[in-house]
Amino acid sequence: MIMEGVDVGVVRRGGDEGPELDALVVGAGFAGLYQLHLLRARGFSARLVEACEDVGGTWYRNRYPGARCDIESTAYSYSFSPELDQEWEWSERYAAQPEILRYLGHVADRFDLRPHITLNTRVERAVYDEDSHLWTVTTSAAWTVTTRFVVLATGCTSAVKDVDVPGIESFAGRTLHTARWPRDEPVLAGERVGVLGTGCSGVQVVPQVAARAAALTVFQRTPVYALPAHNRPLPADEIAATKADYPRYRRAQRASRGGTLFTPPTRSALSVGAGERTDAYEEGWRSGVLSGLLRTYTDLLTDEAANETVASFVRGKIRDSVTDPDTADALSPRTFPFGTKRPCLESGYYAAFNEPHVRLVDLRRTPLVEVTPRGVRTTEREHPLDTLVLATGFDALTGSQTAIDVRGRGGATLREKWSDGAANHLGLVASGFPNLFTVLGPLSPSVLSNAVTAAEQHVEWIADCLVHLRRHGFTEIDATPQAEREWCAHVAALAERTLYPSVDSWYTGANVAGKPRTFLAYTGGMVEYRARCDAAARDGYAGFALARAVAPHTDPVPGATSP
Ligand code: NAP
């Protein structure tokens, strides 16, 4: 029941036995906002619940200086609304966090979503009733709601990983996490600042901290491959040309392998001479595109020798960018193939290490012993700090779902189900957890593609699915155990053909202590994935079991029309 006096905007209809909502969407990022819009447009009673003070999801929380998208803004944006495409203007090739947040706020206003969003409220528990086919969802605001469907649009890199550094709580200075950056910009001027972690967040925040702090110490356990972003303002004529071409571009984007457009490679890196290869890599490097190097040859992610040609090219570029040879050497990745961890786009990262007040501490050479009240102690010495910035990453792809106490059939929890590795059918529904969908969750292309395009595909599939269920009077959809087994086997088999699974990364869950090590993303690409999802729907939701509740269910919303 809804708590007295709490206006969550939920309309009860259909009698006491019916749900208060058709669908509850969790998370107000790119995926959740579009899901809310689409479900409402199709006549469902839907509400979105968000833990933060405002919409934006990952772009609300990751407000550290330097945060910006690593796919061009004109592509890293919704494709579903031609009007939105024409009215919104991106100012930079890679928009910074404040601009992306403004865009998402604009979307919430433009599509009149705010009245249907409850902010400052965390979904804590969801319990499924097998007789009524309803979820009872409990929130941190002490109200509960019953809903037919739950859509977890909780993000793939949003659950912050526990920081497994001894003594971290003893630090007497200020501790900041890139993914929980305060709204009031912390003043770093005059301070001795440490940054722990050199993934994409660390690579983005380091030059910005370097520009503000009196002294910066970067603590690096594993160096990454970072490519130059060549970010720049977007001139008016380029914006006009993009807008004129948007209808074609968006169609092509939706039909593409990863939500960005490029000509796929046709040749092995080993089939060409070294000179030709270097020319291709130079072009990819100049492009300022995250996949600029990976798209040059077919086998960079499947063949170690082919990969080494591009990995050594990047190491050469690092040597050219960093003046001190020892620092350049320490910044050069050698322990994993290029691209098997997400590469980073950098703006001033390597150059920062040429500044006299910036130093790199290579934790492979001098391991971190503990955080002390004064700073960070390695096997070599203590590094005194005023502020320690943690850029230590996420419990990616599954952490934001298992953070909720989800109980499906027989009271089984999602945490238990995924304790040996994530399992579901088509990356959308986990067997035993009916009427619960994940957007951009595990075993879908999500993080290996443009996340906005991938989210739109999920959101639209889910909305179509709910329309189908409504039209045919079904009140339940669950993945069959067999379809789930086959999907997991298919995802694993595809991944095994690549170099990804051999590497410790958040793709494999290896960055989180105790997390099962399985490759968590679908490597077959969006074209194949979309075809499989569409085929399942066309075949009457093959691989899913559809059912009708014995108890009467609510009538369709008056005036609702099927699209
Ligand atoms: P990450 O890639 O997991 O990097 C975490 C870093 O912290 C790594 O360098 C890791 O070292 C280090 N670390 C973790 N625990 C440590 C410990 N106990 N001691 C020492 N070092 C430790 O996390 P992230 O940088 O936040 O990025 C995660 C993902 O978010 C990215 O891959 C990307 O998909 C997304 N992201 C995107 C953007 C963007 O450009 N739009 C920006 C930021 C993030 P090891 O590698 O040795 O574990």
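This dialogue reads a small set of features from a predicted model, first a sheet and then the surroundings of a ligand.

Colleague: Where should I begin with the sheet, and in which order do its strands lie?

Modeller: Strands of a sheet pair through backbone hydrogen bonds, in either a parallel or an antiparallel sense. In this predicted model, 3 strands form an open sheet in the order 13-14-15, and their pairing is antiparallel. Strand 13, covering 368–371, and strand 15, covering 382–384, are the edge strands, since each of them pairs on one side only. From one strand to the next, the twist averages 20 degrees.

Colleague: How many bridges hold strand 13 and strand 14 in their pairing, and how many residues does the hairpin between them contain?

Modeller: Strand 14, residues 375–378, pairs with strand 13 over 3 bridges in the antiparallel sense, and the hairpin that joins strand 13 to strand 14 runs through 3 residues. To follow this pairing at the level of residues, look at Glu-370, whose bridge partner in strand 14 is Arg-377.

Colleague: And on the other side, which residue of strand 15 is the bridge partner of Val-376?

Modeller: The partner of Val-376 in strand 15 is His-383. That bridge can be read alongside the pairing of strand 14 with strand 15, which is antiparallel and extends over 3 bridges, while the connection from strand 14 to strand 15 is a hairpin through 3 residues.

Colleague: Turning to the ligand, which residues come nearest to it?

Modeller: A shell of this kind gathers residues that have a heavy atom within 4 Å of the ligand. Here there are 24 residues around the ligand, of which Asp-164, Ser-201, Arg-221, Thr-222 and Arg-342 come nearest. By character, the shell divides into 8 nonpolar, 9 polar and 7 charged residues. Helix 5, residues 200–212, gives the most to this shell, with 3 residues.

Colleague: Which atoms of the ligand and the protein should I inspect for polar contacts, and at what distances?

Modeller: The cut-off to keep in mind is a pair of N or O atoms within 3.5 Å. An N or O atom in the side chain of Asp-164 is 2.9 Å from a nitrogen atom of the ligand, whereas Cys-200 places a backbone N or O atom 2.9 Å from a ligand oxygen atom. For Ser-201, an N or O atom in the side chain is 2.7 Å from an oxygen atom of the ligand.

Colleague: How much of the ligand does the protein bury?

Modeller: The ligand taken alone exposes 910 Å², and 87% of that is buried by the protein.

Definitions and conventions
Residues are numbered from 1 along each chain as its sequence is written. This is a predicted model: local features need pLDDT of at least 70, side-chain atom pairs count only at pLDDT 80 or more; totals for chains, interfaces and linings use all residues. Side-chain values use heavy atoms; hydrogens and water are left out. Two strands pair if DSSP finds at least two bridges between them. Helices (H or I, at least four residues) and strands (E, at least two) are DSSP runs, numbered from the N terminus. Axes are lines fitted to C-alpha atoms, for helices over the stretch in contact, and angles run from 0 to 180 degrees between N-to-C directions. A polar contact is a pair of N or O atoms within 3.5 Å; within protein, one must be able to donate a hydrogen and the other to accept it, and residues adjacent in sequence count only if both atoms are side-chain atoms. Accessible areas come from the Shrake-Rupley method with a 1.4 Å probe; for residues, only the protein chains shown count as cover. Ala, Val, Leu, Ile, Met, Phe, Trp, Tyr, Cys and Pro count as nonpolar, Asp, Glu, Lys and Arg as charged, and the others, Gly among them, as polar.
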